[in-house]
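Got a minute to poke around a fold together? Here it comes, and then we go through it question by question.

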Amino acid sequence: MSSQTPLWASADFWRKVAIWVTAGSFVILITLTFDSLAKITPGYKQVPAYNVINREIDYKSDAQHLRYIPVVGKEAPLFGRLWSDSEAEALVTLGKKTIQAKNCMNCHTLLGNGAYYAPDLTRAWLDPNWSSPDEREARMLAFLLDPEKNAVTFGSGRKMPNLGITDKEAHGVVAFLKWMSAIDTNGFPHNFKTINHQQD
C-alpha cells in the first residue's frame, strides 16, 4: 500500500485552489461592479435622466411583465418651469445631498433602504395624500419647510421634526423625490395607488 499523499489531499493543492478561486472571485466581483454601476447611472433604461422632472410620472400595472412600472408621460414643468439637463441634475443632486445631510433614512425608507418609522419615500411624489396634482408641489414644500404645522399623521401621532430645511433645499428635495418616483424598482411597492389614480 502506497504511503504517498494523494493530490487532492495535499496542502499545496488546496493552497493553489484557494488562490485561483480568490482570483476568479475578484475578477467576477469587479465585472459585476462595473455592470451594476452602468445600470444604476442616470440615463439608463431603469434609472431615468435627471430631466425627467420635466415630465408627468405615474405608476401603473404592466400585465405583460406582471408588475408595476413607472410611466413617464407628457411635459409637466416642475415649479412652473422646464429645467435644462444641467439645471435638473444640480437640483436633484441638491435634494439628494439634503436628504443625506438631514439623515432622512433614520426614519424613512428610500428604494428599500432605511428605517420604517416614517413613510417610505420611494414613490412619495405620487402619494395620494398630497390631495391633488395641482396642489402637490405647494403642499410638499410647505411640509418640508414647516413639518410640525403641516403634518398629516393619520392618528399615529408621529410628526417629522423641523430640520431647518431652506427653501432652496426644499425645492431640491421635491425634485429628487419626483426623479426617484420615475426609477423602475421592479414592481416595488406593489399595488401602490397613485395621486393620479385617485383622480380617475
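Q: What do the buried residues of α2 pack against?
A: Keep in mind that this is a predicted model. The inward-facing part of α2 is made of A88, L91, V92, G95, T98 and I99, its buried residues. Their packing partners are β3 (109–110) and α5 (167–181).

Q: Why do the buried residues of α2 end up on the same side of the helix?
A: An α-helix has 3.6 residues a turn, so residues three or four places apart point the same way. The buried set here is A88, L91, V92, G95, T98 and I99. They share one side of α2 because the arc they cover around the axis is only 120 degrees.

Q: How far does α2 reach from its first C-alpha to its last?
A: Helix α2 runs over residues 85–101, which makes 17 residues. At 1.5 Å a residue you'd expect 24 Å, and the model comes close to that. The reach is 24 Å.

Q: Is A101 buried or exposed?
A: A101 lies in helix α2, on the face turned away from the buried side, along with D85, S86 and K97. Its relative accessible area is 57%, and the cut-off to beat is 50%. So A101 is exposed.

Q: What separation do the C-alpha atoms of A101 and L126 have?
A: A101 belongs to α2. Along the chain, L126 is 25 residues apart from A101. In space, their C-alpha atoms are separated by 24 Å.

Q: Which kind of aromatic pair do F13 and W14 form?
A: The structure holds 6 aromatic pairs, and F13 with W14 is one of them. Their centres are 5.1 Å apart, with 80 degrees between the planes. Anything over 60 degrees goes in one bin, so this pair is edge-to-face.

Q: How do F13 and W14 count in terms of accessibility?
A: F13 has 27% relative accessibility, and W14 has 48%. Partly exposed covers the range between 20% and 50%. So F13 counts as partly exposed, and W14 also counts as partly exposed.

Q: Which residue has its charged end over the ring of W125?
A: A charge over a ring turns up at W83, where R81 lies over the face at 3.8 Å from the ring centre. At W125, the charged end is 3.8 Å from the ring centre and belongs to R136.

Q: Which residue in the hairpin of β1 and β2 takes a positive phi?
A: Strands β1 (residues 55–62) and β2 (residues 67–75) run antiparallel and are joined by 7 bridges, with D62 opposite R67. There are 4 residues between the strands. The one with a positive phi, near 55 degrees, is L66.

Q: Which residue follows α2 with a positive phi?
A: Most residues other than glycine have a negative phi, and most peptide bonds are trans. F79, in the loop between β2 and α2, has a positive phi near 60 degrees. After α2 comes another positive value, near 55 degrees, at N103.

Q: What is omega for the cis peptide bond that joins F188 and P189?
A: P189 sits in the loop between α5 and α6 (195–198). That loop also holds N191, a non-glycine residue with a positive phi of about 60 degrees. The bond joining F188 and P189 is cis, with omega about -10 degrees.

Methods
Residues numbered from 1 in each chain as written. Predicted model: local features only at pLDDT ≥ 70, side-chain atom pairs only at ≥ 80, totals over all residues. Heavy atoms only, no water. Helix = DSSP H or I, 4+ residues; strand = E, 2+ residues; numbered from the N terminus. Expected span 1.5 Å × (residues − 1). Buried < 20%, exposed > 50% of the residue type's maximum accessible area, 1.4 Å probe, protein only. Arc of directions from axis to C-beta. Contact = heavy atoms within 4.5 Å. Phe/Tyr/Trp six-rings, centres within 6.5 Å; stacked < 30°, edge-to-face > 60°. Lys NZ or Arg CZ within 6 Å of the ring centre and 35° of its normal. Pairing = 2+ DSSP bridges.
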